[in-house]
Amino acid sequence: MYLELIGHGHPLKIKTLFTIKSLGSLLGTHTCLLYICVFIYFWSQLSMLNVFLLVSKIVRGSFLLMKETLRYLAGTAGPSGYGSNSTAEQVTQDFACFVSPNLTAIITGATSGIGVETARVLAKRGVRLVIPARDLKKAAEVKETIQKETPKAEIMIFETDLSCFASVKRFSSDFLALGLPLNILINNAGIFSQNLEFSEDKIEMTFATNYLGHFLLTELLIEKMVETAEVTGIQGRIINLSSVIHSWVKRDSFCFNQMLNPKNYNGTRAYAQSKLANILHAKEMARQLKARNARVTINAVHPGIVKTGIIRAHKGLITDSLFFIASKLLKSTSQGASTTCYVALSPQTEGVSGKYFADCNESSCSALACDESEAQKLWKHTRALINRRVYHPPA
(Lines give C-alpha, C1' and ligand atoms only; values in the text may rest on other atoms or scores of the structure.)
Protein backbone atom coordinates (compact mmCIF):
# COMPACT_ATOMS: atom_id res chain seq x y z
CA MET A 1 0.00 0.00 0.00
CA TYR A 2 1.16 3.52 -0.77
CA LEU A 3 -0.12 6.76 0.67
CA GLU A 4 0.26 9.94 -1.35
CA LEU A 5 1.35 12.71 0.96
CA ILE A 6 2.51 16.21 0.23
CA GLY A 7 4.61 18.76 2.01
CA HIS A 8 3.33 21.60 -0.13
CA GLY A 9 1.68 20.34 -3.25
CA HIS A 10 4.11 17.70 -4.44
CA PRO A 11 3.41 13.97 -3.92
CA LEU A 12 5.63 12.00 -1.61
CA LYS A 13 5.04 8.26 -1.99
CA ILE A 14 6.12 6.33 1.05
CA LYS A 15 5.53 2.65 1.77
CA THR A 16 3.35 2.33 4.82
CA LEU A 17 5.18 -0.74 6.03
CA PHE A 18 6.70 1.21 8.91
CA THR A 19 6.77 0.48 12.58
CA ILE A 20 4.41 2.66 14.60
CA LYS A 21 7.40 4.61 15.86
CA SER A 22 8.77 5.32 12.38
CA LEU A 23 5.39 6.32 10.99
CA GLY A 24 4.77 8.55 13.97
CA SER A 25 8.05 10.40 13.48
CA LEU A 26 7.25 10.88 9.80
CA LEU A 27 3.63 11.97 9.91
CA GLY A 28 3.27 13.32 13.42
CA THR A 29 1.54 11.50 16.23
CA HIS A 30 -2.04 12.42 15.37
CA THR A 31 -1.77 11.50 11.69
CA CYS A 32 0.01 8.26 12.53
CA LEU A 33 -2.78 7.23 14.89
CA LEU A 34 -5.41 8.18 12.33
CA TYR A 35 -4.05 5.75 9.76
CA ILE A 36 -3.70 2.97 12.33
CA CYS A 37 -7.26 3.51 13.48
CA VAL A 38 -8.62 3.57 9.93
CA PHE A 39 -6.91 0.28 9.14
CA ILE A 40 -8.27 -1.47 12.24
CA TYR A 41 -11.72 0.05 11.73
CA PHE A 42 -11.94 -1.38 8.24
CA TRP A 43 -10.75 -4.87 9.10
CA SER A 44 -12.70 -5.26 12.36
CA GLN A 45 -16.26 -4.94 13.54
CA LEU A 46 -15.32 -2.50 16.31
CA SER A 47 -16.82 0.97 16.51
CA MET A 48 -14.48 3.88 15.78
CA LEU A 49 -14.53 4.83 19.47
CA ASN A 50 -13.45 1.33 20.50
CA VAL A 51 -10.77 1.37 17.84
CA PHE A 52 -9.34 4.58 19.29
CA LEU A 53 -9.38 3.08 22.76
CA LEU A 54 -7.65 -0.08 21.54
CA VAL A 55 -4.90 1.76 19.68
CA SER A 56 -4.37 4.17 22.57
CA LYS A 57 -3.46 1.18 24.75
CA ILE A 58 -0.98 -0.02 22.16
CA VAL A 59 0.89 3.23 21.70
CA ARG A 60 3.05 4.57 24.51
CA GLY A 61 1.81 7.86 25.88
CA SER A 62 -1.69 6.90 24.82
CA PHE A 63 -3.58 9.61 26.70
CA LEU A 64 -1.62 12.44 25.18
CA LEU A 65 -1.75 10.83 21.75
CA MET A 66 -5.49 10.36 21.96
CA LYS A 67 -5.97 13.94 23.08
CA GLU A 68 -3.92 15.25 20.15
CA THR A 69 -5.81 13.06 17.69
CA LEU A 70 -9.26 14.08 18.86
CA ARG A 71 -8.16 17.71 18.85
CA TYR A 72 -6.92 17.36 15.28
CA LEU A 73 -10.14 15.64 14.11
CA ALA A 74 -12.28 18.28 15.78
CA GLY A 75 -10.13 21.09 14.41
CA THR A 76 -9.89 22.52 17.92
CA ALA A 77 -8.37 25.99 17.84
CA GLY A 78 -4.99 26.63 19.42
CA PRO A 79 -3.78 29.84 21.11
CA SER A 80 -4.03 31.74 17.82
CA GLY A 81 -7.73 31.01 17.57
CA TYR A 82 -7.24 28.68 14.58
CA GLY A 83 -6.66 24.97 14.14
CA SER A 84 -6.27 22.16 11.63
CA ASN A 85 -9.68 22.82 10.02
CA SER A 86 -9.07 26.53 9.45
CA THR A 87 -8.84 27.61 5.81
CA ALA A 88 -6.67 30.29 4.23
CA GLU A 89 -9.74 32.41 3.50
CA GLN A 90 -10.98 32.15 7.07
CA VAL A 91 -7.72 33.13 8.75
CA THR A 92 -7.19 36.12 6.44
CA GLN A 93 -10.82 37.26 6.49
CA ASP A 94 -10.68 37.69 10.24
CA PHE A 95 -7.92 40.29 10.01
CA ALA A 96 -8.45 41.58 6.45
CA CYS A 97 -9.03 45.08 7.78
CA PHE A 98 -5.57 45.02 9.35
CA VAL A 99 -3.74 44.10 6.11
CA SER A 100 -1.72 47.05 4.88
CA PRO A 101 -2.55 48.30 1.38
CA ASN A 102 -0.11 48.04 -1.54
CA LEU A 103 1.80 45.02 -0.23
CA THR A 104 3.98 43.10 -2.68
CA ALA A 105 4.64 39.39 -2.29
CA ILE A 106 6.84 36.96 -4.19
CA ILE A 107 5.51 33.39 -4.07
CA THR A 108 7.53 30.53 -5.52
CA GLY A 109 5.74 27.35 -6.54
CA ALA A 110 2.48 29.23 -7.12
CA THR A 111 1.44 27.15 -10.12
CA SER A 112 0.31 24.05 -8.21
CA GLY A 113 -0.91 22.73 -4.88
CA ILE A 114 -1.16 25.06 -1.93
CA GLY A 115 0.98 27.62 -3.77
CA VAL A 116 -1.99 28.37 -6.04
CA GLU A 117 -4.33 28.73 -3.07
CA THR A 118 -1.84 30.95 -1.24
CA ALA A 119 -1.59 33.21 -4.29
CA ARG A 120 -5.37 33.31 -4.76
CA VAL A 121 -6.09 34.27 -1.16
CA LEU A 122 -3.33 36.89 -0.95
CA ALA A 123 -4.56 38.46 -4.19
CA LYS A 124 -8.08 38.52 -2.75
CA ARG A 125 -6.70 40.50 0.21
CA GLY A 126 -5.21 43.10 -2.14
CA VAL A 127 -1.60 41.89 -2.25
CA ARG A 128 0.35 42.43 -5.50
CA LEU A 129 1.78 39.07 -6.62
CA VAL A 130 5.06 38.28 -8.28
CA ILE A 131 5.28 34.67 -9.43
CA PRO A 132 8.60 33.16 -10.57
CA ALA A 133 7.66 30.02 -12.47
CA ARG A 134 9.34 27.37 -14.57
CA ASP A 135 6.17 26.66 -16.55
CA LEU A 136 4.91 29.96 -18.00
CA LYS A 137 1.77 28.36 -19.43
CA LYS A 138 0.66 27.07 -16.03
CA ALA A 139 1.51 30.42 -14.45
CA ALA A 140 -0.61 32.23 -17.04
CA GLU A 141 -3.53 29.90 -16.31
CA VAL A 142 -3.22 30.58 -12.57
CA LYS A 143 -3.11 34.32 -13.24
CA GLU A 144 -6.23 34.13 -15.40
CA THR A 145 -8.11 32.11 -12.79
CA ILE A 146 -7.20 34.49 -9.97
CA GLN A 147 -8.13 37.57 -11.97
CA LYS A 148 -11.54 36.10 -12.83
CA GLU A 149 -12.28 36.04 -9.11
CA THR A 150 -10.35 39.22 -8.27
CA PRO A 151 -10.36 41.40 -11.42
CA LYS A 152 -8.17 44.10 -9.87
CA ALA A 153 -5.46 41.63 -8.83
CA GLU A 154 -2.02 42.70 -10.00
CA ILE A 155 0.06 39.67 -10.97
CA MET A 156 3.47 39.53 -12.62
CA ILE A 157 5.08 36.38 -13.97
CA PHE A 158 8.76 35.66 -14.54
CA GLU A 159 10.29 32.55 -16.04
CA THR A 160 12.50 31.07 -13.34
CA ASP A 161 14.08 27.71 -12.53
CA LEU A 162 14.79 27.59 -8.80
CA SER A 163 17.21 24.69 -9.21
CA CYS A 164 19.50 26.89 -11.34
CA PHE A 165 21.61 29.58 -9.68
CA ALA A 166 21.87 31.65 -12.87
CA SER A 167 18.09 31.63 -13.30
CA VAL A 168 17.47 32.70 -9.70
CA LYS A 169 20.03 35.48 -10.06
CA ARG A 170 18.43 36.65 -13.32
CA PHE A 171 14.94 36.72 -11.79
CA SER A 172 16.18 38.70 -8.78
CA SER A 173 17.86 41.26 -11.04
CA ASP A 174 14.74 41.60 -13.20
CA PHE A 175 12.51 42.06 -10.16
CA LEU A 176 14.79 44.61 -8.51
CA ALA A 177 14.93 46.56 -11.77
CA LEU A 178 11.18 47.20 -11.48
CA GLY A 179 11.76 49.38 -8.42
CA LEU A 180 8.86 47.78 -6.55
CA PRO A 181 8.76 47.34 -2.77
CA LEU A 182 8.99 43.82 -1.36
CA ASN A 183 7.05 43.04 1.80
CA ILE A 184 6.55 39.28 1.70
CA LEU A 185 8.67 36.43 0.35
CA ILE A 186 7.10 32.97 0.43
CA ASN A 187 9.61 30.22 -0.35
CA ASN A 188 6.96 27.66 -1.21
CA ALA A 189 8.24 25.74 -4.24
CA GLY A 190 9.48 22.21 -3.82
CA ILE A 191 9.91 18.89 -5.53
CA PHE A 192 10.13 15.25 -4.56
CA SER A 193 12.25 13.07 -6.83
CA GLN A 194 12.08 9.30 -6.59
CA ASN A 195 15.23 8.95 -8.69
CA LEU A 196 18.58 10.68 -8.44
CA GLU A 197 18.66 13.74 -10.69
CA PHE A 198 21.05 16.67 -10.92
CA SER A 199 20.47 20.34 -11.57
CA GLU A 200 22.19 22.41 -14.21
CA ASP A 201 24.74 23.27 -11.52
CA LYS A 202 25.38 19.53 -10.96
CA ILE A 203 23.72 19.48 -7.55
CA GLU A 204 21.15 16.89 -6.43
CA MET A 205 17.83 18.25 -7.70
CA THR A 206 15.74 18.10 -4.52
CA PHE A 207 18.33 19.92 -2.42
CA ALA A 208 19.01 22.43 -5.21
CA THR A 209 15.34 23.31 -5.66
CA ASN A 210 13.88 23.08 -2.17
CA TYR A 211 16.74 24.66 -0.25
CA LEU A 212 19.63 26.15 -2.22
CA GLY A 213 17.47 28.04 -4.73
CA HIS A 214 15.47 29.62 -1.94
CA PHE A 215 18.59 30.42 0.07
CA LEU A 216 20.04 32.32 -2.90
CA LEU A 217 16.73 34.01 -3.70
CA THR A 218 16.39 35.22 -0.12
CA GLU A 219 19.98 36.46 -0.04
CA LEU A 220 19.55 38.43 -3.26
CA LEU A 221 16.30 40.07 -2.10
CA ILE A 222 16.86 40.58 1.61
CA GLU A 223 18.28 44.10 1.30
CA LYS A 224 15.24 45.17 -0.71
CA MET A 225 13.02 43.77 2.04
CA VAL A 226 14.98 45.59 4.77
CA GLU A 227 14.82 48.80 2.75
CA THR A 228 11.07 48.41 2.14
CA ALA A 229 10.44 47.91 5.85
CA GLU A 230 12.46 51.01 6.74
CA VAL A 231 10.70 53.20 4.19
CA THR A 232 7.14 51.99 4.77
CA GLY A 233 7.29 51.12 8.45
CA ILE A 234 5.68 47.78 7.59
CA GLN A 235 7.52 44.71 8.83
CA GLY A 236 8.77 42.39 6.10
CA ARG A 237 8.00 38.68 6.35
CA ILE A 238 9.72 35.63 4.89
CA ILE A 239 8.10 32.20 5.08
CA ASN A 240 9.97 28.97 4.37
CA LEU A 241 7.79 25.94 3.60
CA SER A 242 8.97 22.93 5.55
CA SER A 243 7.36 19.66 6.61
CA VAL A 244 6.98 17.48 9.69
CA ILE A 245 9.10 14.95 7.79
CA HIS A 246 12.15 17.07 8.75
CA SER A 247 12.09 15.25 12.11
CA TRP A 248 13.00 12.03 10.34
CA VAL A 249 16.54 13.24 9.64
CA LYS A 250 19.29 11.95 11.93
CA ARG A 251 22.31 14.08 12.77
CA ASP A 252 24.84 11.66 11.30
CA SER A 253 23.06 11.68 7.91
CA PHE A 254 22.85 15.46 7.64
CA CYS A 255 26.11 16.05 5.76
CA PHE A 256 26.30 19.03 3.37
CA ASN A 257 28.59 17.47 0.77
CA GLN A 258 26.57 14.25 0.76
CA MET A 259 23.39 16.22 0.16
CA LEU A 260 24.98 17.93 -2.84
CA ASN A 261 26.05 14.64 -4.39
CA PRO A 262 24.64 11.64 -2.52
CA LYS A 263 26.30 8.25 -2.91
CA ASN A 264 23.27 6.21 -1.89
CA TYR A 265 20.25 8.22 -2.95
CA ASN A 266 16.89 7.90 -1.24
CA GLY A 267 14.12 10.24 -2.38
CA THR A 268 12.37 10.41 0.98
CA ARG A 269 15.60 11.13 2.83
CA ALA A 270 16.58 13.84 0.33
CA TYR A 271 13.19 15.50 0.70
CA ALA A 272 13.36 15.37 4.50
CA GLN A 273 16.88 16.81 4.52
CA SER A 274 15.82 19.73 2.33
CA LYS A 275 12.93 20.48 4.67
CA LEU A 276 15.21 20.39 7.71
CA ALA A 277 17.57 22.76 5.89
CA ASN A 278 14.70 25.20 5.35
CA ILE A 279 14.03 25.35 9.10
CA LEU A 280 17.71 25.80 9.94
CA HIS A 281 17.90 28.55 7.33
CA ALA A 282 14.99 30.35 9.00
CA LYS A 283 16.54 29.95 12.45
CA GLU A 284 19.95 31.32 11.48
CA MET A 285 18.61 34.13 9.33
CA ALA A 286 16.27 35.21 12.11
CA ARG A 287 19.27 35.46 14.41
CA GLN A 288 21.21 37.57 11.91
CA LEU A 289 18.28 39.89 11.16
CA LYS A 290 17.69 40.44 14.86
CA ALA A 291 21.37 41.26 15.37
CA ARG A 292 21.16 44.07 12.81
CA ASN A 293 17.77 45.29 14.12
CA ALA A 294 16.18 44.75 10.73
CA ARG A 295 12.38 44.92 10.59
CA VAL A 296 12.12 41.64 8.71
CA THR A 297 11.07 38.30 10.18
CA ILE A 298 11.50 34.78 8.88
CA ASN A 299 9.65 31.66 9.97
CA ALA A 300 9.15 28.07 8.79
CA VAL A 301 5.75 26.42 8.38
CA HIS A 302 4.43 22.89 8.08
CA PRO A 303 1.24 22.97 5.97
CA GLY A 304 0.00 19.58 7.12
CA ILE A 305 -0.73 16.38 5.26
CA VAL A 306 -2.83 17.63 2.39
CA LYS A 307 -5.46 15.69 0.43
CA THR A 308 -4.16 14.97 -3.08
CA GLY A 309 -5.59 11.49 -3.62
CA ILE A 310 -4.22 8.05 -2.86
CA ILE A 311 -2.69 5.64 -5.33
CA ARG A 312 -4.77 2.48 -5.54
CA ALA A 313 -2.34 -0.40 -5.57
CA HIS A 314 -2.08 -3.83 -3.93
CA LYS A 315 -5.85 -4.24 -3.94
CA GLY A 316 -5.52 -7.53 -2.10
CA LEU A 317 -4.35 -5.57 0.94
CA ILE A 318 -6.50 -2.48 0.77
CA THR A 319 -9.80 -1.47 -0.77
CA ASP A 320 -11.62 1.61 -1.95
CA SER A 321 -13.51 1.84 1.34
CA LEU A 322 -10.32 2.38 3.31
CA PHE A 323 -9.09 4.94 0.78
CA PHE A 324 -12.37 6.79 1.16
CA ILE A 325 -12.14 6.86 4.96
CA ALA A 326 -8.47 7.90 4.96
CA SER A 327 -9.14 10.74 2.51
CA LYS A 328 -11.55 12.30 4.99
CA LEU A 329 -8.76 12.65 7.55
CA LEU A 330 -6.45 14.73 5.37
CA LYS A 331 -6.41 18.49 4.87
CA SER A 332 -7.91 20.25 1.89
CA THR A 333 -5.70 22.54 -0.20
CA SER A 334 -7.26 25.59 1.42
CA GLN A 335 -6.59 24.19 4.88
CA GLY A 336 -3.02 23.41 3.82
CA ALA A 337 -2.45 27.02 2.73
CA SER A 338 -3.87 28.50 5.93
CA THR A 339 -0.68 28.46 8.00
CA THR A 340 1.35 30.18 5.28
CA CYS A 341 -1.30 32.90 4.89
CA TYR A 342 -1.60 33.26 8.66
CA VAL A 343 2.12 33.82 9.16
CA ALA A 344 2.30 36.13 6.12
CA LEU A 345 -0.52 38.50 7.09
CA SER A 346 -1.69 38.06 10.67
CA PRO A 347 -1.05 40.87 13.16
CA GLN A 348 -0.55 38.10 15.73
CA THR A 349 2.76 37.14 14.08
CA GLU A 350 4.13 40.69 14.11
CA GLY A 351 7.67 40.54 15.48
CA VAL A 352 7.71 36.74 15.66
CA SER A 353 10.81 35.30 13.99
CA GLY A 354 12.79 32.06 13.86
CA LYS A 355 9.77 29.95 14.78
CA TYR A 356 8.10 26.85 13.35
CA PHE A 357 4.34 26.91 12.74
CA ALA A 358 1.76 24.18 12.14
CA ASP A 359 -2.04 24.51 12.03
CA CYS A 360 -1.68 28.31 12.36
CA ASN A 361 0.05 28.02 15.73
CA GLU A 362 3.64 27.98 16.92
CA SER A 363 4.78 24.39 17.20
CA SER A 364 7.86 22.42 18.18
CA CYS A 365 10.33 21.02 15.69
CA SER A 366 13.04 18.40 16.10
CA ALA A 367 16.05 18.85 18.38
CA LEU A 368 18.31 18.94 15.31
CA ALA A 369 16.19 21.70 13.76
CA CYS A 370 16.63 23.74 16.96
CA ASP A 371 20.41 23.31 17.07
CA GLU A 372 21.95 26.78 16.63
CA SER A 373 25.41 25.41 15.89
CA GLU A 374 23.97 23.16 13.17
CA ALA A 375 22.15 26.13 11.66
CA GLN A 376 25.32 28.21 11.63
CA LYS A 377 27.34 25.36 10.14
CA LEU A 378 24.80 24.87 7.35
CA TRP A 379 24.78 28.61 6.69
CA LYS A 380 28.58 28.75 6.37
CA HIS A 381 28.69 25.77 4.00
CA THR A 382 25.90 27.24 1.87
CA ARG A 383 27.48 30.69 1.75
CA ALA A 384 30.80 29.19 0.67
CA LEU A 385 29.08 27.24 -2.10
CA ILE A 386 27.10 30.28 -3.29
CA ASN A 387 30.25 32.38 -3.25
CA ARG A 388 32.10 29.85 -5.42
CA ARG A 389 29.29 29.08 -7.85
CA VAL A 390 27.52 32.45 -8.17
CA TYR A 391 29.89 35.27 -7.34
CA HIS A 392 33.23 33.69 -8.29
CA PRO A 393 32.45 30.92 -10.75
CA PRO A 394 35.38 28.99 -12.24
CA ALA A 395 36.61 30.33 -15.56
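**Exercise 1.** How many of the 12 residues of α6 are buried?

*Solution.* The model used here is predicted. Taking a relative accessible area under 20% as the cut-off for buried, we find that 9 of the 12 residues in α6 are buried, so that the helix is mostly covered. The buried residues are Ile-114, Gly-115, Glu-117, Thr-118, Ala-119, Arg-120, Val-121, Leu-122 and Ala-123.

**Exercise 2.** Find what span helix α6 should have, and compare it with the model.

*Solution.* The helix covers residues 113-124, which makes 12 residues. The expected span is 1.5 Å times one less than the number of residues, and for α6 this comes to 16 Å. The end C-alpha atoms of α6 are 17 Å apart, which agrees with that expectation. After the helix comes Gly-126, whose phi is positive, near 90°.

**Exercise 3.** Decide whether Cys-365 takes part in a disulfide, and state how Cys-365 and Cys-255 are classed by accessibility.

*Solution.* The structure holds 0 disulfides. For Cys-365, the nearest cysteine sulfur is that of Cys-370, at 3.4 Å; because a disulfide requires sulfur atoms within 2.5 Å, this pair does not qualify. Cys-365 has a relative accessible area of 15% and is therefore buried, whereas Cys-255, at 33%, counts as partly exposed.

**Exercise 4.** Describe the chain as a whole in terms of its elements, burial and contacts.

*Solution.* The chain has 14 helices and 10 strands, and buried residues make up 57% of its 395 residues. Among contacts between residues at least 6 apart in sequence, 75% join residues at least 24 apart.

Note on methods
Residues are numbered from 1 along each chain as its sequence is written. This is a predicted model: local features need pLDDT of at least 70, side-chain atom pairs count only at pLDDT 80 or more; totals for chains, interfaces and linings use all residues. Side-chain values use heavy atoms; hydrogens and water are left out. Buried means under 20% relative accessible area, exposed over 50%, partly exposed in between (1.4 Å probe, protein chains only). Helices (H or I, at least four residues) and strands (E, at least two) are DSSP runs, numbered from the N terminus. Contact means heavy atoms within 4.5 Å.
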